[in-house]
Amino acid sequence: MVDPILKWAGGKRQLLDELYSRFPDSYEHYHEPCFGGGALFFDLEPEDGTVNDTNSRLVNFYEQVRDSPEELIERCKSFEDPESDPDPSREFSEANRKGKEISDYYYQQRALFNRRPYGDDYDELEEAALLLYLNRTCYNGLYRENSSGGYNVPIGRYANPDWVRETEVREASRVLQDTEIRNGDFEYVTEIAEEGDLVYFDPPYEPMSSTAYFTDYSAEGFGKDDQKRLLETAKELDQRGVYVILSNSGVLYEMYDEAGFSVEIEGATRAINSDGENRDEVDEIVATNVPAERRQTAGQQELLDF
Ligand SMILES: C[S@@+](CC[C@H](N)C(=O)[O-])C[C@H]1O[C@@H](n2cnc3c(N)ncnc32)[C@H](O)[C@@H]1O
């Protein structure tokens with residue numbers, strides 16, 4: 001039971017019990033094709049399997065966590081308080097790449113993070129450290145990109161921002177040791193998952209309203225066609241004897257119900273809107289093909305307490 005390192009839009013910590021209650025009593029390998037903050041993965045601590053995300057900065061981050069945790073921690077320790085003055089020895093100490101004046105250290109680090117695409121001087125460790133630093137010091141702690149792929153979240157105001165996360169990085173590194181980390185579309189899982197494996201899908205949610213923020217995880221978004229492809233992928237896995245558990249927004253209830261999955265509304269309240277005063281509430285569904293008689297009888301937490 002490890003805590004996620006990053007705060008991520010759509011993080012599933014509140015839904016863990018509902019997800020565990022659909023788990024089969026036994027399974028082979030575990031796969032999480034829309035990884036994000038990986039709340040279920042880190043809580044579960046699977047021995048092996050695959051995780052995947054389309055966001056290449058996020059994928060690089062987890063690769064660094066897995067392979068170079070101590071170097072990552074050291075880099076994070078070298079950062080200054082977000083509201084302090086920019087570092088004069090580094091780029092963007094006075095203006096960002098668009099020539100806009102920079103006043104805080106935070107905005108300098110954001111400009112450094114947004115140098116992509118990098119040339120030969122691409123420093124994977126620095127990009128990972130910056131992602132963690134920005135995630136822990138930005139407003140509302142959520143990752144968001146604009147349409148051209150720039151990270152655009154403003155500075156947050158925290159009394160004691162904690163961006164080093166030593167314990168979480170070390171623990172996550174241990175959990176990720178035998179996990180394959182991929183950077184692509186979720187469909188890879190049809191080539192990899194075998195009968196008896198378990199796949200948990202947590203895609204960007206289909207919006208309940210046209211103004212919802214659910215497609216803001218990365219510049220690419222996730223549209224209706226992607227939702228249809230995901231359903232086809234889940235059906236294909238089902239036919240091959242792979243266990244599937246999927247969370248999504250309530251608007252897709254019928255689509256999964258008609259496809260033969262067991263679907264329930266969880267009615268969760270989700271804090272996804274960047275406006276803290278006006279958080280969107282949506283119904284959430286959990287769909288699965290795990291038959292009721294094959295489900296484990298207790299949640300992960302209860303089993304460990306036993
Ligand atoms: C709802 S979030 C996952 C949250 C995660 N379960 C957690 O606990 O933090 C959805 C993730 O899917 C990723 N994603 C978007 N399009 C994708 C695609 N086509 N294939 C795989 N992942 C995708 C996004 O980058 C995002 O990180």
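In this predicted model, the side chain of Asp53 has a polar atom 2.9 Å from the backbone nitrogen of Gly36. The side chain of Asp53 also reaches the backbone nitrogen of Phe35, at 3.4 Å. Both are polar contacts, meaning pairs of N or O atoms within 3.5 Å; within protein, one atom must be able to donate a hydrogen and the other to accept it, and residues adjacent in sequence count only if both atoms are side-chain atoms.

Asp53 sits in the loop between strand E2 (49–52) and helix H3 (56–67). Asp53 is buried (under 20% relative accessible area, 1.4 Å probe, protein chains only). Asp53 has no salt bridge (a side-chain nitrogen of Lys or Arg within 4 Å of a carboxyl oxygen of Asp or Glu). The nearest side chain of opposite charge, Lys12, is 11 Å away.

Asp53 also belongs to the shell of 23 residues around the ligand (a heavy atom within 4 Å), where Trp8, Gly37, Asp53, Asp185 and Asp202 come nearest. By class, this shell has 11 nonpolar, 8 polar and 4 charged residues, with Gly counted as polar.

Several polar contacts involve the ligand. A polar side-chain atom of Trp8 is 3.0 Å from a ligand oxygen atom, and a backbone N or O atom of Gly38 is 3.5 Å from an oxygen atom of the ligand. In the side chain of Thr54, an N or O atom lies 3.3 Å from a nitrogen atom of the ligand. The protein covers 97% of the 610 Å² of accessible area that the ligand has on its own (Shrake-Rupley method, 1.4 Å probe).

Residues are numbered from 1 along each chain as its sequence is written, and side-chain values use heavy atoms, without hydrogens and water. Local features need pLDDT of at least 70 and side-chain atom pairs count only at pLDDT 80 or more, while totals for chains, interfaces and linings use all residues.

Key:
Helix = DSSP H or I, 4+ residues; strand = E, 2+ residues; numbered from the N terminus. Buried < 20%, exposed > 50% of the residue type's maximum accessible area, 1.4 Å probe, protein only. Lys, Arg positive; Asp, Glu negative; His and termini not counted.
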